[in-house]
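Please read the description that follows with the sequence and the model side by side. The paragraphs begin with the whole chain and then turn to single residues.

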Amino acid sequence: MRVVCGFGLVMALFAITIVGFLPLAISKATASEYVKSLFQVVALSLAIMGAWQYFYVMPAAKKAQEQAAQQQQ
């Protein structure tokens, strides 16, 4: 059984979010104040989710794969 982690997917979503919101976030328009705070919340949540997957999910998946390989032998 192969366990696939979505760390690359989270980082891709993080990059897309930054690129998508950046023009609005640096704008001086009134509407950009709302978008800037939304951008900060989304970017922070994606960064936290990426760190969680990198430090907790990926090691657990690797350990599960090693245990499965040992059981097959």
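In this predicted model, buried residues account for 15% of the 73 residues in the protein. The accessible surface of the protein amounts to about 5700 Å², and 68% of that area belongs to carbon and sulfur atoms. As for secondary structure, the protein has 2 helices and 0 strands. If one takes the contacts between residues at least 6 apart in sequence, 70% of them join residues that are at least 24 apart.

Helix H1 covers residues 7-25, while helix H2 covers residues 31-72 and has 42 residues. From its first C-alpha to its last, H2 reaches 58 Å, which is close to the 62 Å expected for this helix at 1.5 Å a residue. Where along H2 is there a bend of about 40°? The bend is at Gln53, and Gln53 is also one of the buried residues of H2, a list that further holds Ser32, Val35, Phe39, Ala43, Leu46, Gly50 and Ala61.

One way to follow how the two helices are placed is to look at pairs of residues that the chain separates. Leu46, found in helix H2, is a useful place to begin: is this residue buried or exposed? Leu46 counts as buried because its relative accessible area is 9%, and the cut-off for buried is under 20%. The C-alpha atom of Leu46 is separated by 5.9 Å from that of Phe14, although these two residues are 32 residues apart along the chain.

Ile16, which is found in helix H1, has a relative accessibility of 58% and therefore counts as exposed, since exposed means over 50%. In space Ile16 is 10.0 Å from Ala43, C-alpha to C-alpha, and in sequence the two are 27 residues apart; Ala43 itself is among the buried residues of H2.

Two further pairs can be traced in the model. Gln40 has its place in helix H2 and is partly exposed, because its relative accessible area of 47% falls between the cut-offs of 20% and 50%. Between Gln40 and Thr17 there are 10.0 Å from C-alpha to C-alpha, with the two residues 23 apart in sequence. Pro23, in turn, lies in helix H1 and counts as exposed because its relative accessibility is 52%. The C-alpha atoms of Pro23 and Lys36 are separated by 9.9 Å, and the two residues are 13 apart along the chain.

The surface deserves a look as well. Which residues form a nonpolar patch there? The patch is made up of Met49, Trp52, Tyr54, Phe55, Tyr56 and Met58, and together these residues have about 680 Å² of accessible area. Phe55, one of the members of the patch, is found in helix H2, and its relative accessibility of 55% is the reason why Phe55 counts as exposed. Helix H2 thus includes the exposed Phe55 as well as buried residues, Leu46 and Gln53 among them.

Note on methods:
Residues are numbered from 1 along each chain as its sequence is written. This is a predicted model: local features need pLDDT of at least 70, side-chain atom pairs count only at pLDDT 80 or more; totals for chains, interfaces and linings use all residues. Side-chain values use heavy atoms; hydrogens and water are left out. Helices (H or I, at least four residues) and strands (E, at least two) are DSSP runs, numbered from the N terminus. Buried means under 20% relative accessible area, exposed over 50%, partly exposed in between (1.4 Å probe, protein chains only). Contact means heavy atoms within 4.5 Å. Accessible areas come from the Shrake-Rupley method with a 1.4 Å probe; for residues, only the protein chains shown count as cover. The expected span of a helix is 1.5 Å times one less than its number of residues. The bend at a residue is the angle between axes fitted to the seven residues ending there and the seven starting there. Patches are made of residues with over 30% relative accessible area and no salt bridge: like charges are joined within 9 Å, nonpolar side chains (Val, Leu, Ile, Met, Phe, Trp, Tyr) within 5 Å. A salt bridge is a side-chain nitrogen of Lys or Arg within 4 Å of a carboxyl oxygen of Asp or Glu.
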